[in-house]
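Reader: Hey, I'm new to this one. Could you pull it up and walk me through it?

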Amino acid sequence: MKAAWYEKQGPAREVLTVGEMPDPAPGPGELRIRIATSGINPGDIRKRQDDFGYGMPYPRVIPHSDGAGQVDQVGDGVSRDWLGKSVWCYGAQSYRPFGTAAEFTVVPAAQAILLPTSVTMEQGACLGIPGITGHRAVFVAGPVRGRTVLVQGAAGSVGLCAVQLARHGGAHVIGTIRTPAEEQTAKQAGAHEVLPNDAELPARVKALAPQGIDHIVEVAFGANIERDVELLTMDGSIATYATNAATPAIPFWQMVFKNIHLFFLGSDDFTPQAKTAAARDINAALEAGWSGFAIGERIPLSEIVRAHELAEHPQHPGRVVVTL
């Protein structure tokens, strides 16, 4: 098969290679997907750059955890009913060496999700990490029906999934954005109100939710924690999946006095039950009419270096996907 890989970490142009590898075969409990589209997430780039300092987990890595395609082989213990089904997958390169930047990928059957008939392969390739992270960020503290949820960074990939899933779950959703150009994206995802994240945010939020915010989905923990705590109601909660600063300070006593619940979320290590629930609710949102992601760039596998560079430094709004 044709595949892209790296055998050392560093800049895309210095480490990514495209070539031929043996076709993989599914083992017991696994299935093989003929990949149509491979999604790029920030985590894929950070792994390739060794941003977390863990080094090379395997001698060779095919990047990208998310993708979409058709099942063409199944291993022992997996129903042949899967054959020919269109699916999206997640976790292909989570604690595994070979992801979706290849003609074929093999994943445990539980990590392949039927793609709704109205959803394109391009959309399916974007769902895994942002959708599952967004779902966990919304529901980690419990059901949100009738609650007020603030989604920081509502136009980002995880943010817009969180907005849609919170709305689908019955919450009143307020989204924040960095620039006016992001407003329409957040509204299309389902935010009831969209506000700029500036000095006026606390006053604007308090006007919309005078009793306080019940739950916050946070993308920039270090930058926003003091403001988040100010906005939360008693026994409110924060679910954060990213930060602008690796060692942020927190307003400890203010959090104590409000009995704030704080959840740190790493998508690779969510429980299987949480991932299954997320996949179910993501598909339900899509089937109910959620339009998913704007696709900004479609790059062939042979140009994966350019795809990674565009994902790092976008030239157009929307997601970057690799096509096969």
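Author: What follows is a chat about salt bridges, helix packing and a few single residues.

Reader: Cool. Anything to know before we start?

Author: This is a predicted model, so local features need pLDDT of at least 70, side-chain atom pairs count only at pLDDT 80 or more, and totals for chains, interfaces and linings use all residues. Residues are numbered from 1 along each chain as its sequence is written, and side-chain values use heavy atoms, with hydrogens and water left out.

Reader: Okay, salt bridges. How many are there by the rule?

Author: The count comes to 13 salt bridges. The rule asks for a side-chain nitrogen of Lys or Arg within 4 Å of a carboxyl oxygen of Asp or Glu.

Reader: Which residue does Asp72 pair with?

Author: Asp72 forms a salt bridge with Arg32, and their closest N and O atoms are 2.7 Å apart. This pair links distant parts of the chain, with Asp72 in strand E4 (residues 66-74) and Arg32 in strand E3 (residues 30-39), 40 residues apart. Strands (E, at least two residues) and helices (H or I, at least four) are DSSP runs, numbered from the N terminus.

Reader: And is Arg32 buried or exposed?

Author: Arg32 is buried, at a relative accessible area of 6%. Its partner Asp72 is partly exposed, at 26%. Buried means under 20% relative accessible area, exposed means over 50%, and partly exposed is in between (1.4 Å probe, protein chains only).

Reader: What about Asp268, what does that one bridge to?

Author: Asp268 forms a salt bridge with Lys47, where the closest N and O atoms are 3.9 Å apart. Asp268 lies in the loop between strand E13 (261-264) and helix H10 (272-287), while Lys47 is in helix H2 (residues 42-49), so the pair ties together parts that are 221 residues apart in sequence. Asp268 counts as partly exposed at 26% relative accessibility, and Lys47 is partly exposed too, at 24%.

Reader: Got one more bridge for me?

Author: Sure: the side chains of Arg204 and Asp198 meet in a salt bridge, 3.0 Å from N to O. Arg204 is partly exposed at 32%, and Asp198 is partly exposed at 28%.

Reader: Switching to helices. How do H7 and H8 sit relative to each other?

Author: Helix H7 (201-208) and helix H8 (residues 221-231) pack at an angle of about 25 degrees, with their axes 10 Å apart. They are therefore roughly parallel to each other. Axes here are lines fitted to C-alpha atoms, for helices over the stretch in contact, and angles run from 0 to 180 degrees between N-to-C directions. Angles under 35 degrees count as roughly parallel, over 145 as roughly antiparallel, 65 to 115 as roughly perpendicular and the rest as oblique.

Reader: Which residues meet there?

Author: Leu201, Pro202, Val205 and Lys206 in H7 meet Arg227, Glu230 and Leu231 in H8, where contact means heavy atoms within 4.5 Å. By class, the residues of this contact divide into four nonpolar, no polar and three charged. For those classes, Ala, Val, Leu, Ile, Met, Phe, Trp, Tyr, Cys and Pro count as nonpolar, Asp, Glu, Lys and Arg as charged, and the others, Gly among them, as polar.

Reader: And H4 with H5, at what angle do they pack?

Author: Helix H4 (residues 128-139) and helix H5 (residues 157-168) pack at about 55 degrees, with their axes 8 Å apart. That makes H4 and H5 oblique to each other. Their contact has eight nonpolar, five polar and no charged residues. Among the residues that meet are Val138 and Phe139 in H4 and Cys161 and Leu165 in H5.

Reader: Back to loops. Where does Pro210 lie?

Author: Pro210 lies in the loop between H7 and strand E11 (213-218). Pro210 counts as exposed, at 62% relative accessibility. From C-alpha to C-alpha, Pro210 and Leu231 are 9.4 Å apart in space, and they are 21 residues apart in sequence.

Reader: Last one: what's the phi of Asp50?

Author: Asp50 has a positive phi of about 60 degrees although it is not a glycine. Asp50 lies in the loop between H2 and E4 and is partly exposed at 27%. Asn259 also has a positive phi, near 55 degrees, in a residue other than glycine. Asn259 sits in the loop between H9 and E13, and is partly exposed at 44%.
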